[in-house]
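Biologist: I would like a close look at one part of this chain. Please start there, then set that part in the context of the rest.

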Amino acid sequence: MSAILSEIDPASLQAKSLRPVWLRVGWLFDGEQVVRDAHLVYDDLAIRHAGAASPPATAIRSGQDEPDLHLPGSTILPGLIESHAHLFLEGGEKRPDVRARQFTRTDSELLADAERRLPRILRLGVTAIRDAGDRNGVGLALQRRYRMHSPTTVPYLDSPGAAIHHRGRYGAFMGRAVEDDGSLDRAIAARVGDGAHRIKLLATGIINFEKGAVTAKPQMPAEELLRAVSLARAHGRQTFAHCSGADGVDNCLAAGVDSIEHGFFVNEEQLARMRDRDIAWVPTFAPVQFQLDHAAALGWDTRVQEQLRRILDAHARSLAHAARIGVRIVAGSDAGSQGVPHGHGFLRELELMESAGLSAVQVLHAATGAPAARLQFAEDFGVLRRAAKARFLITPASVLQSVSHLRVAAIVVFDGTAHAGGDNPAEPGL
Ligand SMILES: [Zn+2]
């Protein structure tokens, strides 16, 4: 019998190892493509079957001849992957003085704040997070706890520990300087020793909004980045590089980092090289869009506002071009940055990517199948296929038409445990 999702008790989607759940839905996005009128069978360990065909007898309970639930108006998609967030910071805090105080909190206070964020982020549909670095050990502690306890109430998370920068240059608030470790070799060995899942490199500074450009010279030259990539690979680690400005992008491309974060002012020729080397791009519109959306409150005059608009428009054109030529695009919001709350900021990032000209399905791919295939997470998720983890959203909203419908609360299933989704954006803490 067919049913409507809003009338379903999430408990009825709860699966156990000897009691799989069989769903039939109107649409299933498997991380790569959309399947109409599809079946999904899962238990607490993994997906047993996904696709248009009816499940084989081995996947379902003996004697079962129809789905547990038929939801013809609903869509299933993989849990979302937020590929650039700083869990140690409350991005939703807009007041500069209160925000500045975050940097004076102790490591354990920051960790406690971050832990409170995680269940809320999960209920917004984000089931995995690639943390992008902190100097307080918050990401590493969260990664350790996740690996130790395999909870079903918080997202998967991995961390690079402290990002690597140069003393006196950008990034001290989230990194540790090469000079403090003694050398680049020691810096990378120290991160690996700390338990870093990957290596975060601060290749450049940030955009000077008053000048409308990246004005400082890149802080890591191409040779140094190349050395960092090869050292990280020798330790079995991927690299991801904070990088904006054409010179910095050139350095990162030459070094062959695994992903370029931000990449403002990238040009078309560089995007083609990015595609050819399969370097992923995480464009992070949200923090710059925040500067424009709250320009008056932030003290930006009309001239700076015009520059912000120009930068964002060019970034949107670059993203549309990147999609056309086949660059591997990955969604990440830079949550924790000023004005970018965790969870809600990621949904905003997806909307901005759609506004730039990507289809809803392209954006969803950038938040599921694309990072799953490229970013070497420690677990297999972001795709709905047999043997992958059962981490998915089921929603009555037409998310395949527009990602703005991800704002409608979905049911979030994480390793067979079902959570009623949704979160109050007015509640502080994210
Ligand atoms: Zn960042």
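Is Ala 387 buried or exposed, and how many other C-beta atoms lie within 10 Å?

Modeller: Ala 387 is exposed. The model is predicted, so read every value as computed from it. The count for Ala 387 is 10 other C-beta atoms within 10 Å. The exposed class ends at 12, which means that 10 falls inside it.

Now the backbone. Ala 387 is not a glycine, yet its phi is positive, at about 80°. Most residues other than glycine have a negative phi. Ala 387 sits in a loop. That loop runs between α14 (369-374) and β14 (391-395).

What does this loop meet? One partner is Ile 47, which touches Ala 387. Ile 47 belongs to strand β3, residues 47-51. Unlike the exposed Ala 387, Ile 47 counts as buried. Ile 47 has 25 C-beta neighbours inside 10 Å. The cut-off for buried is 20 or more, so 25 meets it.

The contact list of Ile 47 includes a run of residues from the same part of the chain as Ala 387. Among them are Leu 384, Arg 385, Arg 386, Ala 388 and Ala 390. Ile 47 also touches Leu 40 and Tyr 42. Residues up to four places away in sequence are left out of that list. Take Arg 385 as the example. Ile 47 and Arg 385 are 338 residues apart along the chain. Their C-alpha atoms are separated by 6.5 Å.

That pairing fits a wider count. Consider contacts between residues at least 6 apart in sequence. Of these, 69% join residues at least 24 apart.

A second positive phi is worth setting beside Ala 387. Thr 284, also a residue other than glycine, has a phi near 40°. Thr 284 is in a loop too, between β13 (280-282) and α9 (286-293). The surroundings are another matter. Thr 284 counts as buried, with 27 C-beta neighbours inside 10 Å. Ala 387, with 10 such atoms, is exposed.

Other loops also give both outcomes. Val 214 lies in the loop between β10 (199-202) and α6. Val 214 counts as buried, with 22 C-beta neighbours inside 10 Å. The partners of Val 214 include Thr 204, Gly 205, Ile 207 and Asn 208. Ser 244, Gly 245, Gly 248 and Phe 265 complete the list. Again, residues up to four places away in sequence are not counted. Val 214 and Arg 167 are 47 residues apart in sequence. In space they are 19 Å apart, C-alpha to C-alpha.

Thr 106 goes the other way. Its loop lies between α1 (96-102) and α2 (107-123). Thr 106 counts as exposed, with 9 C-beta neighbours inside 10 Å. Thr 106 and Gly 421 are 315 residues apart along the chain. Their C-alpha atoms are separated by 31 Å.

Those two loops lead on to helix pairs. Start with α2. Helix α2 packs against helix α3, residues 138-149, at about 55°. The axes are 9 Å apart. The two helices are therefore oblique to each other. Helix α2 passes α3 in a right-handed crossing. On the α2 side, Leu 110, Leu 111 and Ala 114 make the contact. Val 138, Ala 141 and Leu 142 face them from α3. The tally is six nonpolar, no polar and no charged.

Next, α6. Helix α6 (residues 222-234) packs with helix α7 (residues 246-255). Their angle is about 40°, and their axes are 8 Å apart. This pair is therefore oblique as well. The crossing of α6 past α7 is right-handed. Helix α6 contributes Ala 222, Leu 225, Leu 226 and Val 229. Helix α7 contributes Asn 251, Cys 252, Ala 254 and Ala 255. Here the tally is seven nonpolar, one polar and no charged.

Last, the whole chain. The chain has 14 helices and 16 strands. The radius of gyration is 21 Å, close to the 22 Å that the globule rule gives for 430 residues, so the chain is as compact as a globular protein of that length. The C-alpha atoms fill a box of roughly 70 × 45 × 45 Å along the principal axes. Buried residues make up 52% of the 430. Ile 47 counts as buried; Ala 387, which Ile 47 touches, is exposed.

Key. Residues are numbered from 1 along each chain as its sequence is written. This is a predicted model: local features need pLDDT of at least 70, side-chain atom pairs count only at pLDDT 80 or more; totals for chains, interfaces and linings use all residues. Axes are lines fitted to C-alpha atoms, for helices over the stretch in contact, and angles run from 0 to 180 degrees between N-to-C directions. Helices (H or I, at least four residues) and strands (E, at least two) are DSSP runs, numbered from the N terminus. Angles under 35 degrees count as roughly parallel, over 145 as roughly antiparallel, 65 to 115 as roughly perpendicular and the rest as oblique. A crossing is left-handed if the near helix is turned anticlockwise from the far one by less than a right angle, and right-handed if clockwise. Two residues are in contact if their C-beta atoms, placed from the backbone, lie within 7 Å. Ala, Val, Leu, Ile, Met, Phe, Trp, Tyr, Cys and Pro count as nonpolar, Asp, Glu, Lys and Arg as charged, and the others, Gly among them, as polar. The radius of gyration is taken over C-alpha atoms; the globule rule is 2.2 Å times the number of residues to the power 0.38.
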